[in-house]
Amino acid sequence: MVIGIIGGGASGMAAALAAAEKEQVQVILMERQARLGRKLQATGNGRCNLSNLHAAAGGYHGAQPSFADYAIGQFPPEAALRWFRSLGLFTVAEASGRVYPYSDQANSVVDILRFALEKPNITVKLGFEVEKVKKTADGFRVLSKEETVSCDRLIVACGGLAGTKLGGSMSGYKLLRSLGHSCTKLRPTLVQLKTNWGGVAGLKGVRTNCHAEILRDGELFARSTGELQFTEYGLSGPVIFEVSRDVCQGGGEWLCRLDFLPEVAVDTLEGELTRRRKTHLPASELLTGILHNRLGRVLTQAVGVPANRSISELTEEDLRRVARAVKAFDVSLTEPMGMDCAQVTAGGIRTEEFDETTMESRLIPGLYACGEVLDIDGDCGGYNLQWAWSSGRLAGESAGRNHT
Ligand SMILES: Cc1cc2nc3c(=O)[nH]c(=O)nc-3n(C[C@H](O)[C@H](O)[C@H](O)COP(=O)(O)OP(=O)(O)OC[C@H]3O[C@@H](n4cnc5c(N)ncnc54)[C@H](O)[C@@H]3O)c2cc1C
């Protein structure tokens, strides 16, 4: 039996290795880029956050989030780590549950998978951009501009639209649609959020820990605690990625309320600022030693305290305003950055059209899909790659079953 796999990214490589565990199965892995795992190589800021020990039901989203439960349950993070270890990859888990290669290099993950794919029953075709798929009486014909591959079963592992510079594209959605499948609305997620607050440009590059709450028309929409990074356009970093899903969609006024000192009560902070009134330093130094210097200055100015005034001359109301800005600073949000900047695509091919216990299409027997092309996206912190491994392996194992 020949299994064709379109897409040599995370889920496609996992599917290929799982299918090829049966020696009688011949796998043809087709990747349009010049190398395998191009996006994988860029994950986790080049470190590849390949899983999360807490990845389980509840960490996944989509029109039907429970679709992910079976695949994740069959191949949970511990199984993924054992599998990687069997391929020769050493990993390390942080206290947060995020798992990285011990080498701290995403390259190691790509290389280990690439080496594992060097098996007699796996053929890798690089630079093979699938343009069309045709269902035949006994299988599929997969066509690029130059070549045609015939296979008995076909796995679509083309990934999503996010990260367009790293190979994200509409291709998988189009191929599956051409076979009769349908797609939900695609949105960027795990993405920076833009603001029209002018102060942000002066904070570009500043990183700080904070608690972030997203408010829509004054109602709490999402919240998270972690690292925030200011960018030229707005807010980024893990804390923002975690709350970015569906922000600024569907109208309304969107705000991000930031608490830059989540561990300190506002009264305690006010007490500390009052103590500082004994000094004759300028007001621009009021938050020195508490927050990043640049952030301290911008917050003080943002609440209208003149930078040159001596701290000793500030009124109690001035100090209260600064303390409140530190504890609850509102940044208006305009929109998320585009798909090119997003890590993951929310939305995708409708999961009710697939059997979650096999990843096989309910419309076309012998057709499978896995990874981000499906309408499943995970939380920030290794959940999306865990989905790629779990769904990819399930698709590969199922496609390789019952061969003649
Ligand atoms: C910058 C960035 C950082 C990220 N960091 C993390 C992280 O640290 N942890 C985490 O869990 N997730 C992370 N993600 C998300 C994660 O990388 C993806 O969810 C995951 O790679 C999806 O796996 P996939 O196999 O579905 O798709 P991909 O890994 O994108 O693979 C799809 C492959 O299919 C190929 N392809 C597409 N169309 C065709 C075609 N027509 N013919 C042939 N080949 C085709 C593509 O070239 C690509 O190689 C990150 C994403 C980005 C963009």
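Two strands are taken to pair if DSSP finds at least two bridges between them. In this predicted model, β3 and strand β6 (residues 98-101) meet that criterion, with two bridges in the antiparallel sense. One residue of β3 whose partner can be named is S51, which is bridged to V99 in β6. The pair belongs to an open sheet of three strands, arranged in the order β3-β6-β5 with antiparallel pairing. The edges of this sheet are formed by β3 (51-52) and β5 (91-93), each of which pairs on one side only.

A second set of strands forms a closed arrangement. Six strands, in the order β13-β16-β15-β14-β17-β18, close into a barrel, and their pairing is antiparallel. From one strand to the next, the twist averages 45 degrees. Within the barrel, strand β14 (residues 207-216) runs antiparallel to strand β15 (residues 219-230), and the two are joined by 10 bridges. C210 is one of the residues involved, and its bridge partner in β15 is G226.

Helix packing was examined for α9 and α10. The axes of helix α9 (residues 293-302) and helix α10 (residues 316-327) come within 9 Å of each other and cross at roughly 125 degrees. An angle between 115 and 145 degrees falls outside the parallel, perpendicular and antiparallel ranges, and α9 is therefore oblique to α10. The crossing of the two helices is right-handed. On the α9 side the contact is made by L299, T300 and A302, which meet V322, A325 and V326 of α10. By class, the residues of this contact of α9 with α10 comprise five nonpolar, one polar and no charged.

The surroundings of the ligand were also described. The shell around the ligand consists of 42 residues, of which the closest are G7, G9, G159, G163 and G371. Several elements give two or more residues to this shell: the helices α1 (10-19), α2 (38-42), α6 (171-178) and α11 (383-400), together with the strand β2 (26-31). When the residues of the shell are divided by class, 19 are polar, 17 are nonpolar and six are charged. The polar class includes Gly, and the five closest residues named above, G7, G9, G159, G163 and G371, are counted in that class.

Terms used
Residues are numbered from 1 along each chain as its sequence is written. This is a predicted model: local features need pLDDT of at least 70, side-chain atom pairs count only at pLDDT 80 or more; totals for chains, interfaces and linings use all residues. Helices (H or I, at least four residues) and strands (E, at least two) are DSSP runs, numbered from the N terminus. Axes are lines fitted to C-alpha atoms, for helices over the stretch in contact, and angles run from 0 to 180 degrees between N-to-C directions. A residue is near a molecule or strand if its C-beta atom, placed from the backbone, lies within 6 Å of it. Angles under 35 degrees count as roughly parallel, over 145 as roughly antiparallel, 65 to 115 as roughly perpendicular and the rest as oblique. A crossing is left-handed if the near helix is turned anticlockwise from the far one by less than a right angle, and right-handed if clockwise. Two residues are in contact if their C-beta atoms, placed from the backbone, lie within 7 Å.
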